[in-house]
Amino acid sequence: MSRSRIVVTGMGAVTPVGNCVADSWRAVCAGTPGITRISRFDTDGFAAQIAGEVKNFDPRQYVDAREVRRMDRFTQYAVAAGQQAMDDSGLDINGHNTDRIGVFVGSGIGGIESLESQFAVMAARGPSRLSPFLIPMLLTDTAAGAISIRFGLRGPNLAVVSACATGAHAVGEGAAAIRRGDADVMICGSSEAAVTPMTIAGFAAMRALSTRNDAPAAASRPFEKQRDGFVVGEGAGVLVLESLEHALDRGARIYGEVAGYGATADASHITAPPEDGEGAARAMQSALEQAQLQPQDVQYINAHGTSTPLNDRAETQAIKAVFGAHAGALAVSSTKSMTGHLLGGAGGVESVFCLKAIGENIIPPTINYAVPDPDCDLDYVPNTARSTAVHAAMNNSFGFGGHNASLVFTRYET
């Protein structure tokens with residue numbers, strides 16, 4: 001495949017710390033946590049009672065009230081982030097370009113909130129009372145379809161589903177589609193809205209979640225010795241990708257380049273990474289090679305950094321294996337310490353944060369970092385954002401099933 005340059009010209013985000021890119025970025029740079037006790041349902045009897053909920057979000061700002069009732073929350077978030085990204089890009093949609101613009105927007109779980117609520121309806125009132133919109137509300141590809149319909153985009157359209165690696169895969173595959181010549185522009189990212197009783201109870205049954213219910217803001221503590229599990233978050237992040245030629249032809253503002261993408265499988269365990277992070281290391285190495293960068297060329301890694309004992313240790317080992325002597329000089333932070341883990345939505349949102357770090361030369365911190373873990377011995381940018389030049393940033397996303405994805409974003413230079 002040719003080494004054509006792919007650039008980012010638009011960004012949108014809905015997160016637990018802000019309902020747009022500017023507010024979300026401001027919050028993570030300030031170290032503001034978005035994790036609170038769950039307000040959406042009664043958590044009495046739940047082992048984990050905290051989450052990173054999106055707050056004060058009104059989907060009617062983006063979607064007609066009637067359509068809102070026909071969309072699961074994850075699709076509402078995706079459409080909102082997609083609209084923000086398209087507005088930000090200034091892209092003119094017309095009859096001459098719709099076939100050359102596609103959408104790759106995925107979700108790890110899809111419309112589970114709709115499924116749970118409609119199951120309760122069926123149990124209480126019988127199958128005849130189910131919503132006729134249940135199936136499209138729960139399907140994971142509905143978000144990509146809704147964005148396509150909203151803008152009349154008739155290029156490649158699909159939903160990537162790879163658990164917590166979904167967003168990074170969607171961006172990487174979108175860039176690959178442009179490089180193949182399948183499209184000139186791709187709207188890419190991910191969305192998740194899984195703060196639901198079944199999701200919280202299910203992850204808690206795996207003993208994967210933090211149970212710091214009395215201190216929600218301090219519950220997500222990636223790479224820190226006292227971490228006890230991740231915190232479920234929700235939201236969406238969407239990027240507009242273009243070939244460099246297309247972006248220059250229309251005079252677009254360019255946030256950065258999607259320079260490298262690596263995707264691998266652990267092929268070892270359905271939920272646990274190998275202790276040495278071997279699969280993650282191969283994804284990072286592949287992304288560096290595609291970007292034609294050396295380890296020392298990267299200044300920042302937005303880590304998968306879930307706050308689980310196994311993941312954080314394995315990711316640390318993988319970074320050290322790939323970056324060697326440079327690993328100690330890298331800034332590695334996990335914005336999940338503030339947003340919680342957006343599951344499939346994480347890669348889209350964290351790609352936005354990587355591009356903002358490059359554009360503003362600020363690295364967001366890992367908050368709640370108090371006691372170092374000897375097994376996690378890198379520079380995790382503890383508690384306070386750092387001003388430093390960032391020319392290249394890596395985004396890591398790893399998912400159940402052994403899915404690994406790494407992206408390398410670089411500063412755009414002519």
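In this predicted model, a search of the whole structure finds 8 aromatic pairs. One of them joins Phe203 and Phe230. The ring centres lie 5.2 Å apart and the planes meet at 75°, so this pair is edge-to-face. The cut-off for that class is an angle over 60 degrees. The contact links distant parts of the chain. Phe203 belongs to helix α8 (residues 197-205), whereas Phe230 sits in the loop between α8 and β7 (235-243). The two are 27 residues apart. Both Phe203 and Phe230 are buried.

Phe223 and Tyr380 form another aromatic pair, and this one is stacked. The distance is 4.2 Å from centre to centre, with 10° between the planes. Stacking requires planes under 30 degrees apart. Phe223 lies in the loop between α8 and β7, and Tyr380 in the loop between β11 (362-363) and β12 (386-387). The pair therefore ties together parts that are 157 residues apart in sequence. Phe223 has a relative accessibility of 0% and counts as buried. Tyr380 is buried too, with a relative accessible area of 1%. Elsewhere, Phe57, Tyr62 and Tyr77 form one aromatic cluster.

Tyr77 falls within the residue range of helix α3 (residues 73-89). At 1.5 Å a residue, the 17 residues of this helix should span 24 Å. The end C-alpha atoms are 24 Å apart, which agrees with that expectation. Of the 17 residues of α3, 14 are buried, so the helix is largely enclosed by the rest of the structure. Asp72 caps the N-terminal end of α3. A side-chain oxygen of Asp72 lies 3.0 Å from the backbone nitrogen of Phe74. Gly90 follows α3 and has a positive phi, near 70°.

Positive phi values also occur in residues other than glycine. Ser307 has a phi near 85°. Ser307 is placed in the loop between β9 (300-302) and α11 (309-323). With a relative accessible area of 0%, Ser307 is buried. Asn361 is not a glycine either, yet its phi is positive at about 55°. Asn361 is found in the loop between α13 (346-360) and β11. Its relative accessible area is 27%, so Asn361 is partly exposed; the buried class ends at 20%.

Helix α11 holds Thr316. Thr316 is buried, with a relative accessible area of 0%. The side chain of Thr316 reaches the backbone oxygen of Asp312 at 2.8 Å.

Empty space was examined next. Rolling a probe the size of a water molecule over the atoms shows where such space is left. The count comes to 1 cavity of 30 Å³ or more. The largest cavity has a volume of about 60 Å³. Asp266, Pro273, Pro274, Gly277, Ala280, Asn311, Ala314, Glu315, Phe398 and Asn404 line it. Helix α11 gives the largest share of the cavity lining, with 3 residues. By class, the lining of this cavity has 5 nonpolar, 3 polar and 2 charged residues.

The largest pocket has a volume of about 530 Å³. Its lining is made up of 34 residues. Phe230, Thr271, Pro273, Thr308 and Phe400 lie nearest the centre of this pocket. Two or more lining residues come from each of α11, β13 (392-399) and β14 (403-410). Helix α11 again provides the largest share, here 3 residues of the pocket lining. The lining of the largest pocket divides into 15 nonpolar, 15 polar and 4 charged residues. Phe230, a member of the edge-to-face pair, is thus named among the central residues of this pocket. Pro273 appears in the lining of the largest cavity and in that of the largest pocket.

The second largest pocket has a volume of about 220 Å³. It is lined by 13 residues, of which Glu67, Met71, Val79, Ala146 and Ile149 are the closest to its centre. Helices α3, α5 (134-138) and α6 (142-151) each supply at least two residues of this lining. Helix α6 gives the most, with 5 residues. By class, the lining of the second largest pocket comprises 7 nonpolar, 3 polar and 3 charged residues.

Key:
Residues are numbered from 1 along each chain as its sequence is written. This is a predicted model: local features need pLDDT of at least 70, side-chain atom pairs count only at pLDDT 80 or more; totals for chains, interfaces and linings use all residues. Side-chain values use heavy atoms; hydrogens and water are left out. Rings of Phe, Tyr and Trp (its six-membered ring) pair if their centres lie within 6.5 Å; planes under 30 degrees apart count as stacked, over 60 as edge-to-face and the rest as tilted. Helices (H or I, at least four residues) and strands (E, at least two) are DSSP runs, numbered from the N terminus. Buried means under 20% relative accessible area, exposed over 50%, partly exposed in between (1.4 Å probe, protein chains only). The expected span of a helix is 1.5 Å times one less than its number of residues. A polar contact is a pair of N or O atoms within 3.5 Å; within protein, one must be able to donate a hydrogen and the other to accept it, and residues adjacent in sequence count only if both atoms are side-chain atoms. On a 1 Å grid over the protein atoms alone, a cavity is a set of points where a 1.4 Å probe fits but cannot get out, and a pocket is an open set with protein on both sides within 12 Å along at least five of seven lines; lining residues have an atom within 4 Å of a point. Grid points are joined across faces, edges and corners, and a volume is the space filled by probe spheres set on the points. Ala, Val, Leu, Ile, Met, Phe, Trp, Tyr, Cys and Pro count as nonpolar, Asp, Glu, Lys and Arg as charged, and the others, Gly among them, as polar.
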